[in-house]
Amino acid sequence: MEEIPKVYNPSEIEPKWAQEWVEKRLFEAAADSDRPMFSLVIPPPNVTGSLHMGHMLEHTEIDILIRWKRMQGFNTLWLPGTDHAGIATQMVVERQLAEQGLDRRKLGREAFEKKVWEWKAQSGDTIKKQMVRLGTSCDWSRERFTLDPGLSRAVREVFVRLYEKGLIYRGNYIVNWCPRCQTAISDLEVVHEEHQGNLFHIRYPVAGTEESVIVATTRPETMLGDTAVAVNPSDERYRKFHGRMARLPLMNREIPFITDELADPAFGTGVVKVTPAHDANDFQAGLRNNLPQMVVMDESGKMNANAGVYAGLDRFEARRRVLADLKEQGLLEKIEPHTHALGRCQRCKTVVEPRLSTQWFVKVKPLAENAIRAVEEGRTRFVPDNWTKIYFDWMHNMHDWCISRQLWWGHRIPAWHCQACSQVVVAREEPGACPHCKSGKLEQDPDVLDTWFSSALWPFSTLGWPERTKDLEAFYPTSLMITGFDILFFWVARMMMMGVEFLGEAPFRTVYIHSLVRDAERQKMSKTRGNVVNPLEVTEKYGTDAVRFTLAVMAAPGTDIVLSEDRMASSRAFANKIWNAARFLFMSLEKSGAEPWTPPADGNCRLLPDANGQMSLEDRWIFSRLTRVAGEIGTAWEAFRFHEAAHLIYHFFWHEFCDWYLELKKLSFAPVQGPLPPAWENLCRAFDLSLRLLHPTMPFLTEELWQRLGPRQTSIALAPFPTHDPALVDESAEKEMNLLQEIIGNIRNMRAEMRVDAKRKIPVELFAANGNVSRLSGQYSQAIQRLANLSALKLVAEPLTTEGGAVRSLPEFSVKIALKDAVDVEAERNRLKKEEEKLQRDRNAVRARLQNQQFLSKAPKDVVESLRQRKEELDVKYAKVAETLQNLN
């Protein structure tokens, strides 16, 4: 056996195994397999990005489950890939061009797209390299990119089918417009934040009279595009203005008074300005009242020719000029501080402008209804369950989806505009001539589709749809989707709609919404706060397995993860514990002189009896615990309770395997000639199974140690996961082992309470209340002495007395430590008397407060309850010290 390094160094073993797993293509799925299927697709990261802690949490949880299912014998597929990320990628390349003094418009569309593809070839695989390095067990042979030819074909097919069903249409509507990105963006791409702004009250003169009305607005520059003033039809205050005209300040233009429910008599003055081209509600009122739609800003947020003398000004400069002119003309009634929600572009943080624009839309209501039904009927479930209601609420209130973007990078809309007859032709392939007038003068729509349109098809486009491929038949619908709540509506809801519409089945059986990773102070991680944790940096420092275990042990459903260096250091200590246990085992095997351990040919590490058909208590116990814990871990993972599974693994490996089983096995280590005897064989088999139990959570460490343990033909990732077999549960062994642990644990506790030097060996007397305890104590006398650090263990036939020592009595046994053997009696008596006096003072102080009626009548209930609990704690401590002191006396 190759000598195992003394120090566990993750940076030496992790890259080796990460590369080998990929090179040996261990994680490829088989579409024609007859094994049960478990599949999921990765939430595709942006091709521009690199991993953050949210990704690492998500990938850790997915990888734990996919490795577990693979070891259970499932035909597993974890399909990886990246998203072309329209706006984000275009912005990256445009910045690079700007550094070279170039501009995309000067380059032209075709040349710019070529530049983006060049960038993608050079820099677009960062995420993949990071995922490979972190050991994610994806099927890299099926890696996809949302602009791959196959996926592009699926996008065109979906667009055409929806258009032919009347579910895609083109029209003039108010959209969220980003002047920086110069494109429409969806409602979900707008981040609303509370803004301390102003409410400007403006006086609008009534034409032909000396009267005026006052309207209020937060965006006074848009008044240049007003085409009406609205009052509520039931508002008697303004009935005299019905049918009259108002004079639009600054523009010398008359606009009508209209009656519309847009005006709320109870809000402000009850009069509102109507700007159909720059406000969603005003747009609808304009349609109801057949009002003109006057756009006064261009795509960059500057005022256009319709703004008169303000043309060419940036919108915010125009606002300052408009307010100054209104004030000069005596039309600015007042300015009030006003808090309101300000929408910003999620990508570049620019203030979004509601703007009238010709765009393509998906009519979502029919699609949403089918996606709602899929969840109502239980075909897809959300975990945690509270997300079900949130999903329903959002789906029931969806607006039509604006899917066109004024970009060059992305899926170009498969629509052509005839220059001869102005008809629009939507087709799967570029048409040679207009089917309406036969003209060959066709120009493709310049817009591209929203990135989320192609992402919505990800679960089936990646499997070969619209062809009925073997992959599609084998792996759709997928078993599971693990993702964050932030893209539940961007992506999950839209995948549901598209999957049900085009394949008749929801794309996944279960959607698990994972937690948010916060910093040690429970703050959300963000670049502006400067508290972002780079997963590659912490994995380099602590090891990938330690970071994975840290995330898993804190990943309780519905609870945010508070990540700290201390927790990762603790997980690294756990990895060191396992490494040191393995090193001790390997070195002991080598010193024994026995032949190297050979794993069973069938991979089934059963418990072996000795030549007499006997099995030791510790072997029976650890194999019983293995099968029981395997079942408990599986139950936890099935419920996405990653934290419970991690705690089970930690407790089993550290406290049961290392602290008890390995320590007991040390007593039976002896030189060996030839094959390993059952005692050694069972130790190796138990360690083999324990590594498999840990593998889904800590894959690198377990692969390294598993390969070192014995000659292997394959990876631990393909070894059978330990099963829960009720027939292998040994209740008797577990009960006896618990009793042995209780005996040793109580002696250890007594030593600690009596402050016996840890290195000092002392004799102990033990009285067994029944024959079973007596037999076990005698049989394991050596183990008790070694693990409790005793010089002798004397089994006595009569009940123990406190004379000359301290006694601890339990239902099945009692133990006694002679004071003369354990402590300096006089020094200990003095220490305990001082402690007793201090506890008495504390008790008196607490008791006095609890007897003070004035205090009790005024103090909060929680304060009083806390004092009562404190009194109980002090009473218990006092009684314990008094008892120990009495024993000394």
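By contact I mean heavy atoms within 4.5 Å of each other. I will use the word in that sense this morning. What you have in front of you is a predicted model, so everything I say is about that model.

Let me use the term straight away, on one residue. Which residues does glutamine 444 touch, if we leave out those up to four places away in sequence? The list is Arg412, Ile413, Pro414, Ala415, Trp416 and His417. With isoleucine 413 there is something specific to point at: the side chain of glutamine 444 reaches the backbone oxygen of that residue at 3.0 Å. Is glutamine 444 buried, exposed or partly exposed? Its relative accessibility is 25%, and it therefore counts as partly exposed. To place it against another part of the chain, take threonine 275: the two are 169 residues apart in sequence, and their C-alpha atoms are 32 Å apart in space.

Now the sheet around that residue. Glutamine 444 belongs to strand 20, residues 442-444. Strand 20 is part of an open sheet of three strands, in the order 19-18-20, with antiparallel pairing. Strand 19, which covers 424-426, and strand 20 are the edges, each pairing on one side only. From one strand to the next the twist averages 30°. As a general reminder, the strands of a sheet pair through backbone hydrogen bonds, in parallel or antiparallel fashion. Here, strand 18, residues 415-418, is joined to strand 19 by three bridges, and the two run antiparallel. If you want one pair to find on the screen, look for histidine 417, whose bridge partner in strand 19 is valine 424. Histidine 417 was also on the list of residues that glutamine 444 touches.

Let me step back to the whole chain. How many helices and strands does it have? There are 29 helices and 29 strands. The radius of gyration is 37 Å, while the globule rule gives 29 Å for 889 residues; the first value is well over the second, so the chain is more spread out than a compact globule. The C-alpha trace spans about 115 × 80 × 55 Å along its principal axes. Of the 889 residues, 53% are buried. If we take the contacts with a separation of 6 or more, 77% of them are between residues 24 or more positions apart.

Next, a strand from further along. Strand 26 runs over residues 762-768, and five of its seven residues are buried, so the rest of the structure largely encloses it. It pairs with strand 27, residues 790-796, in the parallel sense over six bridges. Valine 764 and leucine 793 stand opposite each other in that pairing of strand 26 with strand 27. Strand 26 also pairs with strand 29, residues 813-818, this time in the antiparallel sense and over four bridges. There, phenylalanine 767 is opposite serine 814 of strand 29.

The last topic is charge. Side chains of opposite charge can pair when their charged atoms come close. The structure holds 58 salt bridges. I will go through three of them.

The pair of aspartate 63 and arginine 67 has its closest N and O atoms 2.7 Å apart. Both residues sit in helix 2, residues 53-71, four residues apart, which is about one turn of the helix. Aspartate 63 has 0% relative accessibility and so counts as buried. Arginine 67 is also at 0%, and it counts as buried too.

Glutamate 189 and arginine 405 form a salt bridge as well, at 2.7 Å from N to O. This pair links distant parts of the chain, 216 residues apart: glutamate 189 is in the loop between strand 6 (183-185) and strand 7 (190-205), and arginine 405 is in strand 17, residues 404-405. Why do we call glutamate 189 buried? Because buried means under 20% relative accessible area, and glutamate 189 has 10%. Arginine 405 has 2%, so it is buried as well.

The third pair is glutamate 505 with arginine 509, at 3.9 Å from N to O. Glutamate 505, with a relative accessibility of 33%, counts as partly exposed. Arginine 509, at 40%, is partly exposed too. Elsewhere, salt bridges that share partners join Glu157, Arg161, Glu164 and Arg428 into one network.

That is the end of my part.

Methods:
Residues numbered from 1 in each chain as written. Predicted model: local features only at pLDDT ≥ 70, side-chain atom pairs only at ≥ 80, totals over all residues. Heavy atoms only, no water. Buried < 20%, exposed > 50% of the residue type's maximum accessible area, 1.4 Å probe, protein only. Polar contact = N/O pair within 3.5 Å; in protein donor to acceptor, adjacent residues only side chain to side chain. Salt bridge = Lys/Arg side-chain N within 4 Å of Asp/Glu carboxyl O. Pairing = 2+ DSSP bridges. Axes fitted to C-alpha atoms, helices over the stretch in contact; angles between N-to-C directions. Rg over C-alpha atoms; globule rule 2.2 N^0.38 Å.
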